[in-house]
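Me: I would like a close look at a single part of the structure below. Please start from one residue and then place it in the rest of the chain.

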Amino acid sequence: MTETLSPLRAHTEASVLAILLPGIGMPASEFADQGFVDAVRARDQSVDLLPLDAWRDGYDVPCAQQRLQHALGWARSRYAQVWLGGIS
């Protein structure tokens, strides 16, 4: 997996990353488009956000699992805490 991960950075240096998992058929950009990212930012939380485009290849569970495993490994090496959040 060579996917580049670019979290949306908090206003301050964050020790927490929230990996956001969209529902099936939902692009990861929906988190920003529907105001979720702005809502988190408005609360001035020191949390970086990583909307993960897990389902970009359609309903392909092995690909989604591989993307999530890659993101978790990447995040664990950079953050003190990793949170998962999702929409179904």
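Reply: In this predicted model, Val61 has a relative accessible area of 31%, so it is partly exposed. The limits that matter here are 20% and 50%: a residue under the lower one is buried, and a residue over the upper one is exposed. Because 31% falls in between, Val61 belongs to the middle class.

Val61 is part of helix 3, which covers residues 61-76. On the surface, Val61 joins Ile24 and Tyr59 in a nonpolar patch. Together these three residues have about 310 Å² of accessible area. For the protein chain, the exposed area is about 5400 Å², and 50% of that comes from carbon and sulfur atoms.

The helix that holds Val61 is one of three helices in the protein chain, which also has three strands. Read from the N terminus, the order of these elements is β-α-α-β-α-β. The radius of gyration is 13 Å and the globule rule gives 12 Å for 88 residues; the two values are close, so the chain is as compact as a globular protein of that length. The C-alpha trace spans about 35 × 30 × 20 Å along its principal axes. Of the contacts between residues at least 6 apart in sequence, 76% join residues at least 24 apart.

Now to the buried side of the picture. Buried residues account for 35% of the 88 residues. Phe31 is counted among the buried residues because its relative accessibility is 3%. Phe36, by contrast, is partly exposed, with a relative accessible area of 38%.

These two residues also belong to the topic of aromatic pairs, of which the structure holds two. The ring centres of Phe31 and Phe36 are 5.8 Å apart and the planes stand at 65°, so this pair is edge-to-face. In the pair of Trp74 and Tyr79, the centres are 6.3 Å apart and the planes are at 50°, so that pair is tilted. Trp74 and Tyr79 are both buried.

A last residue to set beside Val61 is His11, found in the segment before strand 1 (16-21). His11 has a relative accessible area of 59%, so it is exposed. Leaving aside residues up to four places away in sequence, His11 touches Arg41 and Asp44. Gln34 is 23 residues from His11 along the chain, and their C-alpha atoms are 20 Å apart.

Methods:
Residues numbered from 1 in each chain as written. Predicted model: local features only at pLDDT ≥ 70, side-chain atom pairs only at ≥ 80, totals over all residues. Heavy atoms only, no water. Phe/Tyr/Trp six-rings, centres within 6.5 Å; stacked < 30°, edge-to-face > 60°. Buried < 20%, exposed > 50% of the residue type's maximum accessible area, 1.4 Å probe, protein only. Helix = DSSP H or I, 4+ residues; strand = E, 2+ residues; numbered from the N terminus. Contact = heavy atoms within 4.5 Å. Patch = residues over 30% accessible without salt bridge, like charges linked within 9 Å, V, L, I, M, F, W, Y side chains within 5 Å. Areas by Shrake-Rupley, 256 points an atom, 1.4 Å probe, with all protein chains shown as cover. Salt bridge = Lys/Arg side-chain N within 4 Å of Asp/Glu carboxyl O. Rg over C-alpha atoms; globule rule 2.2 N^0.38 Å.
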